[in-house]
Each structure stands twice: as structure tokens, then as C-alpha cells.
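Thank you all for coming. I would like to take a few minutes to walk through one structure, so please have a look at it before I begin.

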Amino acid sequence: MIGAAVSAFLAWLFFSRWPPTKEFGIDLPITIAVVPILLGFLLGLLIGLFELPPDLALISLSFFVLVPLLVLKLMFSLSWKNSAIGTAVVVAITVVVQVSLTMLLARGD
């Protein structure tokens, strides 16, 4: 959950300075950064609980693209281009934060 909080904070920094979303509050980055992580976590729990094939966990990767894209387009009425740009930034932020935290934890120092 530290990764989700850091991702949400970095997304907030981006969206607070990005012209199409300047008027939105903290709810936007929390929604589009934390919700995909929670949905992936819940999907992983369901896969483990019902002993489904682990390959189904790849479905959770689509949450990182679909949730921000649809939230920006449908809830905040941005154009598809601006929604895609915002989604790309959120995905990049999430990947960098998750990989960085994984590398720090794997180091064990």
C-alpha cells in the first residue's frame, strides 16, 4: 500500500499542474492510482481462493489502463487524447514506483 500512496501522490503532482485537470481535487489521482492496485489485489485474492490458473492475474494489468482512461473520459469529460495522455502518465508512474519499491525490498539491506 506504500506503493499506492506514493503513486497517488505523484499522480496528484502531475494532475495539479496539467492544464486539462487543474480544477480537480485530490479525488482524481486517488481514484485513478489506487483503484487499479486494489482491483488487482482483489483479483489476486480471488484467484488464490478459488485455485484458478495464475495466468488470470494478467487481467489485472488491464485495470491500470482501463480505470484511468474511463475515469478521465467519462467522469471528467476530457477528450480521448487528453485521457490517453493522463493514462500513460499514470501507468508510467505506477510502473516506476512499483519496480523501485520491489528492487528496494529485494535488496534486503
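Is Ser7 buried or exposed? Before I answer, please keep in mind that what you see is a predicted model. Ser7 is buried, because its relative accessible area is 1%, which falls under the 20% that serves as the limit for that word.

As for its place in the chain, Ser7 lies in helix H1, a helix that covers residues 2-17. The side chain of Ser7 reaches back to the backbone oxygen of Gly3, at 2.8 Å. If we leave aside the neighbours within four places in sequence, Ser7 is in contact with Ala33, Ile93, Thr94 and Val97.

Let me turn now to the aromatic rings. A search of the whole structure finds four aromatic pairs, and one of them is formed by Phe9 and Trp12, whose rings are 5.9 Å apart from centre to centre, with 35° between the planes, so that the pair counts as tilted. Where do these two residues sit relative to each other? They are three residues apart in helix H1, and therefore about one helical turn separates Phe9 from Trp12.

Whereas Ser7 is buried, Phe9 is partly exposed, with a relative accessible area of 46%, and Trp12 is also partly exposed, with a value of 33%.

Finally, there is a cluster of rings to look for on your screens, in which ring pairs link Phe14, Phe15 and Trp18.

Key:
Residues numbered from 1 in each chain as written. Predicted model: local features only at pLDDT ≥ 70, side-chain atom pairs only at ≥ 80, totals over all residues. Heavy atoms only, no water. Phe/Tyr/Trp six-rings, centres within 6.5 Å; stacked < 30°, edge-to-face > 60°. Helix = DSSP H or I, 4+ residues; strand = E, 2+ residues; numbered from the N terminus. Buried < 20%, exposed > 50% of the residue type's maximum accessible area, 1.4 Å probe, protein only. Polar contact = N/O pair within 3.5 Å; in protein donor to acceptor, adjacent residues only side chain to side chain. Contact = heavy atoms within 4.5 Å.
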